[in-house]
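Trainee: I would like to go through this structure slowly, with a reason given for each answer. Could we begin once it is in view?

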Amino acid sequence: MVSALVYISIMKEFDNPKFSVEKYTKDLTRECVGGTDLQQRKKEIEAYNETTAATLKQTCKKNYMEFIQTAKEISHLESEMYQLSHILIEQRNILATMTDGKTSSRLKQESLEVESSTAAEDVENSHATRAVKEMVQGFNGNLEGKTFLNEGALIELDTNDYRPIQRVFFFLFNDVLIVCKVKHDNMFMSDRRLDFLTEYDPKKIAVINIKDLDGVKNAINIITPDGSKIYQSITAAGKTEWIEKLEEAFRFDQQKKPKKGQAPQPPTRVKQQSKTSTPEKETTPLSPGEPKSLEDETPEWLSTASEEIQTLVAQRHFEDAQELIKRTQDFMRNENRKKIPQADAIESKVKQQELKLINVLLKELSNSHNRNLQIALRAAKRPLKILVEMGRYRQASANLLKVCAVSLRVAQREARRNNADISELFFCDLTQVACDFLTAFEQQPACVSALVVWCNAELQYFASQLIKHYLTKGTSLETVAKCVERVRKPSTKLTEIGLDISYHLEGLLRTTLESLIEESKERLLDSVGRTEESWQPYNLQTKSNLKRLLLELDVLGIDVRTQATGDTWMNLTQSTVVFIRHFLQLTEHCGCLAKCETLLQSLELLLKELFVAQHSLKPPSDMAVDPNFVMKNKIFLVDNLLPIAIEKFRQISGRQCEGLRELHTKMSRKQGAPVPRQRSVYTTDVF
């Protein structure tokens with residue numbers, strides 16, 4: 001309870017904005033009695049530091065996750081806006097096409113209607129302009145020559161919780177939307193005073209209809225250059241009217257242009273033909289009118305193919321976009337091309353969209369990397385397949401291999417941190433990449449060379465990391481042999497798919513392994529003869545120790561039971577027994593390394609020189625020893641240990657150790673009979 005109160009007091013003191021380190025240190029020194037209290041307070045401060053660090057870490061993680069979630073939502077909104085933009089463009093094109101296809105009679109009727117309504121529009125525009133100037137405070141824009149479309153009051157809502165923010169009033173003209181703030185809630189137009197907030201170009205905003213929710217009804221979302229804003233209408237009819245008027249302002253110029261420019265168009269020739277009823281004048285315009293009949297033969301899907309492809313790409317329907325591109329290209333290769341007047345323009349647009357689709361797919365492929373290689377390959381499968389079908393083999397293969405390289409190296413780094421086996425992981429991942437690559441580019445043998453070059457680069461990186469972290473200077477030969485053996489076994493898996501990299505791997509490790517073997521040889525030779533030898537039989541003190549020693553040597557492949565005497569004695573020196581065990585273990589390690597022929601000579605030399613050094617040991621001249629016992633140890637090494645070591649080396653490495661065989665032959669010939677023990681000769685004077 002006391003420690004908790006102290007902890008809370010520390011938190012309050014540190015959280016105080018007027019906290020002073022010097023003052024706190026002086027007060028703390030004055031309050032504490034002796035070093036024990038200071039140590040206790042130090043622990044409490046360290047605990048508070050750790051708690052604060054953990055809290056900050058959790059807060060940072062939470063903020064980061066919220067940032068990622070917000071980024072995803074923004075990405076989805078951008079995609080929806082992109083789709084909405086294309087839908088609006090498509091509707092605009094349809095409306096323009098419908099306007100161009102009107103008959104001359106409809107044009108005459110529209111011109112009469114425009115002339116009859118011009119006076120009324122001018123009066124309405126003048127009234128609206130005067131109202132804006134009188135009511136809106138702070139607006140200095142020019143409204144001359146602009147067409148008034150609509151006005152009305154709305155409520156601005158918060159985009160997060162849809163709570164009302166303020167009342168606003170809109171004035172909509174053909175090329176400007178004026179947004180004003182209502183000073184008070186008086187709903188009578190004559191008494192209202194408005195403050196100018198901002199103005200927007202109707203062509204640069206998008207209107208989205210918001211579905212009625214439990215707490216919000218009759219709302220619209222207007223996306224402006226300043227951001228997204230939500231406004232609520234009083235009635236559903238008012239909401240519908242605002243959506244229609246804003247769309248009308250968006251396409252206002254498109255509606256006006258056909259009315260001013262239809263005179264020189266083909267409908268004029270139709271009007272001239274209607275004035276004359278003679279067959280001759282009806283047949284003469286057939287040749288000039290032929291392009292119009294050809295234009296009518298253009299398929300509707302082909303004329304809108306470019307916009308449709310762009311929309312499909314925005315919606316991430318890559319397969320449908322690629323299929324439409326292929327369909328368009330096939331259509332253009334046939335005789336139908338001659339019947340399409342705008343074939344070159346359509347083909348150029350489709351070609352541009354194809355390049356955009358390729359860039360999007362390459363970006364998707366490049367961004368598919370992941371810590372887990374399986375997830376990365378699964379994410380890359382979709383864009384990779386489409387790129388291969390579109391004939392972009394080289395770009396697709398290069399990006400895929402870059403993604404796999406990142407995943408492989410991240411996986412190795414994490415495996416090293418967790419003390420896991422990186423060799424098995426690396427070669428399994430390399431095999432999986434090679435299998436998936438060959439499956440994806442099965443019909444493109446030229447891409448296999450890129451895979452071979454990539455495997456070579458990754459193998460070099462793997463070897464460098466292996467040397468840096470596992471085959472460092474001073475590493476024992478046992479550790480080196482185990483490391484190399486763990487690398488060699490999984491590397492043979494690649495031979496199943498026709499990719500043999502074992503020889504190249506041995507070449508990358510050869511220099512390092514030779515230096516480690518040479519270093520081990522020097523270290524082992526220095527250790528021979530350093531221990532003081534009594535040249536007496538080895539006493540193991542207990543029966544269990546003797547039994548344990550015999551079992552260990554049996555596992556190594558040598559039987560020394562014939563040398564056991566009594567319950568605890570070995571008829572060999574202690575150094576000889578230790579050397580037998582060590583030499584057989586060293587032979588196993590050298591046999592593992594000698595599977596590579598390039599290291600065979602260095603390993604044979606190591607074993608040979610070590611055996612010769614042990615065999616050459618002699619007792620000091622001033623030591624009284626039995627020469628027969630010394631010779632017996634040497635004979636046991638040559639006749640018993642050396643043949644077993646030669647056979648063990650051959651079984652493990654699959655190669656003959658010529659150096660030890662020659663040494664065995666040479667020493668067997670030189671070895672002579674034991675020297676008889678010298679006896680004391682006594683003389684006497686008795687006859």
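**Cysteines, rings and a helix**

Mentor: Cys 428 counts as partly exposed, because its relative accessibility is 31% and that class lies between buried, under 20% relative accessible area, and exposed, over 50% (1.4 Å probe, protein chains only). This is a predicted model, in which local features need pLDDT of at least 70 and side-chain atom pairs count only at pLDDT 80 or more, while totals for chains, interfaces and linings use all residues. Residues are numbered from 1 along each chain as its sequence is written, and side-chain values use heavy atoms, with hydrogens and water left out.

Trainee: Is Cys 180 buried or exposed?

Mentor: The relative accessibility of Cys 180 is 0%, so Cys 180 counts as buried.
A disulfide is a pair of cysteine sulfur atoms within 2.5 Å, and by this rule the count of disulfides comes to zero. For Cys 180, then, the class is buried.

Trainee: How are the rings of Phe 170 and Tyr 231 arranged?

Mentor: Rings of Phe, Tyr and Trp (its six-membered ring) pair if their centres lie within 6.5 Å, and planes under 30 degrees apart count as stacked, over 60 as edge-to-face and the rest as tilted. By this rule the count comes to 13 aromatic pairs. In the pair of Phe 170 and Tyr 231, the centres are 5.0 Å apart and the planes stand at 75°, so the arrangement is edge-to-face.

Trainee: Which parts does that pair tie together, and how many residues apart are they in sequence?

Mentor: Helices (H or I, at least four residues) and strands (E, at least two) are DSSP runs, numbered from the N terminus. Phe 170 lies in strand E3 (residues 164-173) and Tyr 231 in strand E8 (residues 227-232), so the pair ties together parts whose separation in sequence is 61 residues.

Trainee: Which residue joins Phe 170 and Tyr 231 in a cluster?

Mentor: Phe 170 is buried, at 1% relative accessibility, and Tyr 231 is buried as well, with a relative accessible area of 4%. Ring pairs link these two into a cluster with Trp 242.

Trainee: Where is the kink in H19 centred?

Mentor: Helix H19 (residues 502-527) has 26 residues. The bend at a residue is the angle between axes fitted to the seven residues ending there and the seven starting there. In H19 there is a kink of about 45°, and its centre is Arg 510.

Terms used. The expected span of a helix is 1.5 Å times one less than its number of residues.
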